[in-house]
Amino acid sequence: MADVTRSCYALSVRSFKAMRLASRVTLFRRGSSPIIVTLLACIVTLQFLLLTRQHPVKSMEVERVRSHRDIMGIREEGTDPVKDCSCGTSPVTDTQPQHNPLMFPVPTRENVFLTIGIPTIQRKGASYYDLTIKSLISNMSPEERKEVLILVFLADTDPRIKANLARDIRRNFSDTIDEGMLHVIQAPLDYYPNMTITKFTYGQPEHYIQWRAKQNFDYAFMFEYSLNISKYYMQIEDDVITVDGYIGFVKQYIAEQQDMWTCLEFSELGFIGKLYKNTDLQKLAALLKLFYEEQPVDYTYLYFNMLNTQMVQRMRKPTLFQHQGIHSSYPGKIQPLKDRFFDQMTKKYHGDNPPAEVFTSMKVFLTFIPRLAYEKTEGYFWTHGSPSDGDSFTVVFQEPHRLRRVIVDTGSVGHPEDRLLSGHLEVSLTLLKTEVNIQCVNDIMIGEFKDGRIDADALEESIQFKAMCLRIKITQHQEPWLIVREIAVFTA
């Protein structure tokens, strides 16, 4: 510590003139003086050393308990002594030994791919954690369940509330706990230091800053507990839902990365769906505890990414988690946030869908291109703006086909209002090609859309010829945008 201090002091003297110069320019522009950057690194290092002298980063390599005799978290009689903590709105109690945060015994799991962390707390007027855990489990395959661990952190400071919540989780998910997939934990009493708020950042009141300061330590504890449990760690909240096959999508997105990365994101909201390598968790926990007073956790992780040289956001679209809650974990706060890029993208009907080209007269929103509605892979088509009378969406087959059934679904789980309100489906028997144009003619209408959907069946009886084109035609202007979620074509 003394050597680091002397070195940084000597460097600061030599850099005094350079600092005066640097004050007139942007600090982090390309070409900044290496002396200035090194001096800043010394300052951050000194701050970190001071923090770790006051609050050492503890290794949370937790011994997995084997018997109920080791469990001290839930008691029918009385409560443990209470120790004051200025970091939150109510006392933090110690109901377990420091070395054993587990509320229930769990068997050890080997070769875990992903830990999913969920902090939960009692909210006034609502409870969401049950829906979140069920969504996570039900949207995994049996094989995926063997390589995922769900970590629930009980963040309440009232021992009675925490005990009741733990009993509910045990009652509702006993099989998941017994197979080692679900860990329920709490932080020991001495993990939270006595803190006095002195920096009122972002114009927020003291009570709110105390709440978010405790949240920083809650998350840090979860990260430290999760060290060496799995290859990756993902943080979500206790009021989200996910989509079928989300573990496979996470694996796919990891495999797609060409460059080094620190954080992959699977939601655009807050600290939901943020994925880190397990090897980075200790450093991230230390940073949260270093700036617990100045920054909320969903800002600190962005700084952490940049410190690890990830300067751009890496977010998968469509996202995999949707925020469902309305009542925030902060008392009295209403937070009806929704992820704009979340939706169920997997196909439902699994049509034959012979090779074809897809065209539309409507503008395309972002990367939701027309062919995604017809291809068997995940995705859908989404217009950028309102469709009008006369707009169309056309599928042109590479070869003519006898059709047996056609299903078209519009709207989606995340955006049910973006369905087709007025339109019909046509089959064209003839295709005219020129150098500049393709035209489908000899049209036969095979059905009208009802509630944004059409299912035309027994077409081999009503259409005696092979079809060259399939066209959705809008017959009335509508204000909502249009999602064509799936076109399933079954050939005869």
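**View 1. The accessible surface of the whole chain, about 24300 Å² of it.** Carbon and sulfur atoms account for 53% of that area. Keep in mind that this is a predicted model. Of the chain's 492 residues, 51% count as buried. On the secondary-structure side, you get 13 helices and 19 strands. As for contacts between residues at least 6 apart in sequence, 78% of them join residues at least 24 apart.

**View 2. An open sheet of five strands.** Reading across, the order goes β11-β13-β18-β15-β16, with antiparallel pairing. The edges belong to β11 (356-360) and β16 (438-448); each has a single partner strand, so one side of each is left without a neighbour in the sheet. Ignoring direction, neighbouring strands here are turned by 25 degrees against each other on average.

**View 3. Where β11 meets β13.** Zooming in on one edge of the sheet, we find β11 running antiparallel to β13 (residues 392-401), with five bridges joining the two. If you want a spot to look for, take Ala356: its bridge partner in β13 is Phe397.

**View 4. Helix α8, residues 206-225.** This one is mostly covered, with 18 of its 20 residues buried. How does its length check out against the expected span? At 1.5 Å a residue, the 20 residues of α8 should span 28 Å, and the end C-alpha atoms sit 29 Å apart, so the two agree. While you're looking along a helix, remember that an α-helix has 3.6 residues a turn, so residues three or four places apart point the same way.

Technical notes
Residues numbered from 1 in each chain as written. Predicted model: local features only at pLDDT ≥ 70, side-chain atom pairs only at ≥ 80, totals over all residues. Heavy atoms only, no water. Pairing = 2+ DSSP bridges. Helix = DSSP H or I, 4+ residues; strand = E, 2+ residues; numbered from the N terminus. Axes fitted to C-alpha atoms, helices over the stretch in contact; angles between N-to-C directions. Buried < 20%, exposed > 50% of the residue type's maximum accessible area, 1.4 Å probe, protein only. Contact = heavy atoms within 4.5 Å. Areas by Shrake-Rupley, 256 points an atom, 1.4 Å probe, with all protein chains shown as cover. Expected span 1.5 Å × (residues − 1).
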